[in-house]
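Trainee: Could you take one exposed-or-buried puzzle and walk me through it slowly? I'd like a close look at a single residue and the strands around it.

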Amino acid sequence: MMTCLIVLNLSAQSDINEMKKRYPGYSELIIKESQTYDFSIQDKKPSILQDNYFESVILSENGIHNNAENLSFSQLVPLKSYEGFTSVKIDGKEKKIPVKELSDVAESSGSVFHSDLKSKKLLFTNLDIGAKKIYSYQSEFLDPFLLHKFVFSGHIPVEESTLEISVDKDIEIGYKIFNNVANDIEFSQTSKRKKNIYRWTRKNGKPLKFESNHPGVLHIAPHIMIYIRSYKLDDKSVPVLGNVGNLYNYYKNFVSAINKKDDAELAETTKKITTNLNTDEEKIKAIYYWVKDHIKYVAFEYGYEGFIPREAALVYERKFGDCKDMSSIITTMARYAGIKDVNLCWIGTRRLPYTYADVATPGVDDHMIASITLDGKTIFLDATDTETGYGLPTGFIQGKEALIQRGDSFSIEKVPVVSPEMNLQQEHIRIHTQQNTIHGKASYQTHGLSRSNVLHSLGDATKEKRFNKIKDLLLKGNNKFKLKDFKEENIRERDLPYSIDYSFTLENFMVATGKQSYISLMLVKPFEKNFIEQNRESKYDFDNLTQYKYTIELEIPQGKVVNNVPQNISESNDLIDYKISYTLKDKTVILEMDIKNKKLMLEKADFGSWNESIKKLKAKYQETIVLADKS
């Protein structure tokens, strides 16, 4: 018996060592992960059950700490059953140790503050190297429109991941695969009695590599979006999804009954806001800013409340609401003000890679806004960002398609990407030297989405905390930078650039050797840290396009002459423009920099060209002015 046990243990250890070789550096390996759907017709409507299975093995001491797994559920996707256990070998035999069930906890994301999405937490005990975590559970989709995706990759390696759908032959499904770059997802379709069975399997799945400036997991991970196209009922075909018209009809059900009854108080407030304003644009702008200032953004996802905007009167009474509620009150106030063509819009944020042509399901959208069409131009109104000025979309919907409600019809329009010129950041800096210390006075301005980002980062900080945040924002040269004083302007004026006038000192930024001194005017270095590594796998995403314009004037020190000034340089391509020039004028050296990025998301094919431009910039950033003693 002892000999047999040793052989078994050596064999198990050999398996673990082999796994470690295949997946070096990982503390856990998913052996098998699967989702199996059963689609049928029950009570004259689609019934959808989802069975999930997960099995992993611990590869190292660090993996022992991965002792919890969460099972998500909600009102619309309830949890029907589950079980889980730790599998360990004791005396050569497998022993199953049931999980400890912890109390359910509410899930939340960065944008949702109140949600009915919950997790059942399973705690695995007796974990050791070679132990397995195994669990399974069944969920039910109460709404066939809310089927979603299956993702084949995660942050740890997966030996085998499988999606299987067993479908009554009276049900037609649709699907689309995303990010199958390696073309390693195997597909099969079979029939069994009254069922069609679709199966997708991916083996030896490479873990996702999370890199800076990546556009979002769903832009990277291989995954499938699934949906029901239609089903037969009493020999008639009932459409579900499959085109934008079907999706719009689904959405329309959620908004067709709201705001039918006028609210006197909200109507009176609207009248006060728009009195003495003559044009529709002036009125909608006033309404838009009023909502930003008076309705606090608080996101909700409670069952169908995640889809249905609340009554504008209720939003007005509460003074808070989510993106749908803000859109509801904007469109209602616009109606009270007699403004035409203000509509609700469904839209996906930039973290989602889909277009309506790719797949027209609710999985394409995760946000709601309003819009107004004036003189043939659509202006998007997203009140969830308090800082964004009228006429600009919020940064996280740039370039995305919006599904716009137009009565019984709809239109799809693409949200523009805000140009770098509209997101201008500029500074005029005047400096002089005393010994090796730079003394400077400067004026800083930021516009557009850059302005929004800056003010969000500053938040409502006051006193010392705000001083330190302003210092970080204005940092020049190196960590010897000292902010002396500052004055802010236009903090609340969304239509004007946010500006700061300030003074500073910067020590040890000029080097003296003999009769010569060396000083760099490159106090700021846009895009210096945006060099892209050669082995990068994901696209490179910017929050927004930005133009940086800097004028830096150096007063030539008494008794010094300029011995050398770096050459001017410029470049323009599809990704970046820059122009750097030096001018000698009277007793001043003037550096002018004008740099802007031109593409919001860089593809792999762009990396080489981008890096060549950044290399040239970084080399230019190292150059100095040479000052010499007058003879």
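**A close look at Ile177**

Mentor: Ile177 lies in strand S13. A strand here is a DSSP run of E with at least two residues, numbered from the N terminus. Keep in mind that this is a predicted model, where local features need pLDDT of at least 70, side-chain atom pairs count only at pLDDT 80 or more, and totals for chains, interfaces and linings use all residues. Residues are numbered from 1 along each chain as its sequence is written, and side-chain values use heavy atoms, with hydrogens and water left out.

So, is Ile177 buried or exposed? Neither, really: Ile177 counts as partly exposed, because its relative accessibility is 31%. The cut-offs are under 20% relative accessible area for buried, over 50% for exposed and partly exposed in between (1.4 Å probe, protein chains only).

Now look at who is on the other side of the pairing. Strand S13 covers residues 171–178, and 8 bridges join S13 to S16 in the antiparallel sense. For two strands to pair, DSSP has to find at least two bridges between them. Ile177 itself stands opposite Ile224 in S16. Strand S16 runs over residues 223–233 and is mostly covered, with 8 of its 11 residues buried. So here's a nice contrast to hold on to: Ile177 is partly exposed at 31%, while the strand opposite is mostly covered.

S16 has other partners besides S13. Strand S11, residues 149–151, pairs with S16 over 3 bridges, antiparallel again. In that pairing Lys149 stands opposite Met225 in S16. Then there is strand S17, residues 236–239, which pairs with S16 over 4 bridges in the antiparallel sense. If you want a marker for that one, take Lys232, whose bridge partner in S17 is Ser237. S16 and S17 also make up a hairpin, with 2 residues between the strands. In the turn, Asp234 has a positive phi of about 55°. Put together, S16 pairs with S13, with S11 and with S17.

Back to Ile177 and the surface. Together with Tyr175 and Phe187, Ile177 makes a nonpolar surface patch of about 250 Å². A patch takes residues with over 30% relative accessible area and no salt bridge, and joins like charges within 9 Å or nonpolar side chains (Val, Leu, Ile, Met, Phe, Trp, Tyr) within 5 Å. Areas come from the Shrake-Rupley method with a 1.4 Å probe, and only the protein chains shown count as cover. A salt bridge, for the record, puts a side-chain nitrogen of Lys or Arg within 4 Å of a carboxyl oxygen of Asp or Glu.

Where does Phe187, the patch neighbour, pair up? Its bridge partner is Trp200 in S15. Strand S15 covers residues 195–205, and 8 bridges join it to S14, with the two running antiparallel. Zoom out one step and you find an open sheet of 8 strands in the order S5-S4-S10-S2-S1-S12-S15-S14, with mixed pairing. The edge strands are S5 (93–98) and S14 (185–192), each of which pairs on one side only.

To follow this on screen, start at Ile177 and cross to Ile224 in S16. Then come back to Ile177 and trace the patch through Tyr175 and Phe187, and finish by stepping from Phe187 over to Trp200 in S15.
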